[in-house]
Structure formats: structure tokens, C-alpha cells
Amino acid sequence: MGRGAQTSLGDMMGSIDRLVASLVSSDVPLDRSALRRAATTLQPSIAPLADDGVIDAAVDALVGLGPLEPLVADDTVSDVLVNSYNDIWIERSGTLERSDVRFQSSDEVVALVRRLLTPLGLRIDAASPAVDARLSDGSRLHAIIPPAAVDGPVVAIRRFSPAVADLEALVRQGAIASGGAEILDSCVTARDNILVAGATGAGKTTV
């Protein structure tokens with residue numbers, strides 16, 4: 001990364017930090033719409049060169065998934081894998097891709113996980129460094145932090161695809177052959193017991 005790119009990234013992160021600090025110190029409720037309106041009002045004086053992306057990032061840092069929000073909002077992404085604060089991967093259509101998204105530090109990763117767990121009545125700390133949770137949108141969160149994770153916090157978020165309306169939709173999407181759909185339909189109609197098995201990402205939950 002060139003010096004100019006590093007400076008631009010540093011300026012952007014500084015703008016986000018200033019907006020977050022101002023929002024936290026204000027009496028704005030932790031509601032996405034209210035926070036965005038407040039950030040838009042504050043932006044000309046606090047971060048005059050900031051664009052909508054910086055405003056969105058500041059709001060996501062308070063009520064969203066921080067830097068991971070755009071990844072989780074992408075319907076084509078099934079998994080978000082944080083190997084370290086600056087090494088983040090996604091799975092899209094069964095293929096792993098390295099993301100350009102970064103956290104600023106390991107502490108920021110841990111803070112995000114703790115914020116996500118608080119409404120669920122769960123905790124993660126040195127005495128209990130691993131957690132499995134189901135987020136409000138149905139996604140599965142798995143996280144391990146030091147001392148169990150010796151190289152820094154590790155986080156995996158497993159997203160679920162939008163619900164499929166029926167078997168015909170699965171056939172159209174190529175998820176099942178028409179003959180297989182007929183067999184499955186007859187088994188359900190006959191109220192037969194059905195065992196659904198397969199590897200991670202094979203489509204067990206969808207079926």
C-alpha cells in the first residue's frame with residue numbers, strides 16, 4: 001500500500017473515530033436512523049471531508065457489525081471469517097475470497113463481539129474465551145479470544161440464505177434435480193422420516 005493510500009485510510013479512520021466519539025457523548029438513542037441523522041448533522045464540523053461511507057461506518061460501529069456490516073449485508077456471502085483483525089475472508093458460492101475489510105486492532109474485534117453478545121445475555125472474556133451464539137438475523141456467531149486464541153481473536157459468522165419458497169424454486173435454482181424434488185415431495189406427503197445430512201454449506205438448513 002502506497003503512502004498516499006495509507007494517509008487516505010488514516011484520514012478516513014480518524015473521521016470515523018471522531019464521529020463515533022461525538023455520537024457516544026451525545027444523547028442520541030442507539031437507533032440506526034437517529035444515529036445517521038445525527039452523524040449527518042455533525043459531519044460538516046467534525047469530519048468535513050467525510051462522505052456517506054464514513055457516516056455509515058460510524059453508525060455501523062455503534063449499532064451494526066462495524067467493518068463487517070457490508071460483508072454480512074451482501075446476500076451472496078455465506079460466511080465471514082476473521083482470522084485476525086487485519087486478515088478477513090468471506091465465502092461466496094462455495095469459494096473463499098480474501099476481503100479488503102480490516103479492523104484497526106484486535107481490541108476492536110473483541111469489543112464488537114462483546115457488544116453483539118450483550119443483548120443475548122452472553123459473555124466472552126479471559127475466563128470464558130469461547131462463545132457460540134445466534135444473532136438477531138439468524139446468523140451463527142462463533143468467537144474465540146485470547147488466551148484461548150494465541151494469535152488474537154478469531155470470529156466466524158455463518159449467514160443463512162434467504163428462505164426458498166418451495167421445491168420448484170430449488171429446481172429452478174439448480175439446487176435439486178426435478179426427479180429428486182419429486183421423491184422428496186412424495187416422502188413428505190407420505191409423512192416418511194427423512195434424514196438430512198451433508199457437509200457444511202451443503203444446504204441442509206435450506207432443505
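This passage describes local features of a predicted model, taken by structural element.

Helix α2 spans residues 32-46 and is not straight: a bend of about 30 degrees is found at T40. A proline, P44, follows the bend within four residues. The buried residues of α2 include A34, L35, A38 and A39. Q43 and I46 of α2 are buried as well.

Strands β1 (residues 77-84) and β2 (residues 87-92) are antiparallel and are paired over six bridges. The connection from β1 to β2 is a hairpin of two residues. Within this pairing, V80 has I90 of β2 opposite. β2 also pairs with β3 (residues 95-98), again in the antiparallel sense, and four bridges are found there. In that pair, W89 is placed opposite R98 of β3. The hairpin of β2 and β3 likewise has two residues between the strands, and S93 in this hairpin adopts a positive phi near 55 degrees.

A further antiparallel pair is formed by β4 and β5, with five bridges between them. β4 covers residues 130-134, and β5 covers residues 140-144. V131 is matched with A143 of β5 as its bridge partner. In a regular strand, side chains point alternately to one face of the sheet and the other. The two faces of β4 are unlike in cover: V131 and A133 lie on the covered face, while A130, D132 and R134 lie on the uncovered one. Five residues separate the strands in the hairpin of β4 and β5, where G138 has a positive phi near 95 degrees.

S139 belongs to the loop between β4 and β5. Its relative accessibility is 2%, and S139 therefore counts as buried, the limit being under 20%. With neighbours within four places in sequence left aside, the contacts of S139 include A133 and R134. I157, R158, R159 and F160 are also in contact with S139.

The loop that follows β5 and leads to β6 (154-158) contains P147. The peptide bond from P146 to P147 is in the cis form, and its omega is near 10 degrees. P147 has a relative accessible area of 56% and is therefore classed as exposed, for which the threshold is over 50%. Contacts of P147 beyond four places in sequence are made with A126 and P129. The C-alpha atoms of P147 and S128 are separated by 9.6 Å, with the two residues 19 apart in sequence.

Helix α7 comprises residues 178-189 and includes V188. At a relative accessible area of 53%, V188 is exposed. Together with I194, V196 and V207, V188 makes up a nonpolar surface patch of about 350 Å². The segment after α7 contains R191. R191 is not a glycine, yet its phi is positive, near 60 degrees. R191 is also exposed, with a relative accessible area of 75%.

Terms used. Residues numbered from 1 in each chain as written. Predicted model: local features only at pLDDT ≥ 70, side-chain atom pairs only at ≥ 80, totals over all residues. Heavy atoms only, no water. Buried < 20%, exposed > 50% of the residue type's maximum accessible area, 1.4 Å probe, protein only. Contact = heavy atoms within 4.5 Å. Bend = angle between axes of the 7 residues up to and from the residue. Pairing = 2+ DSSP bridges. Patch = residues over 30% accessible without salt bridge, like charges linked within 9 Å, V, L, I, M, F, W, Y side chains within 5 Å. Areas by Shrake-Rupley, 256 points an atom, 1.4 Å probe, with all protein chains shown as cover. Salt bridge = Lys/Arg side-chain N within 4 Å of Asp/Glu carboxyl O.
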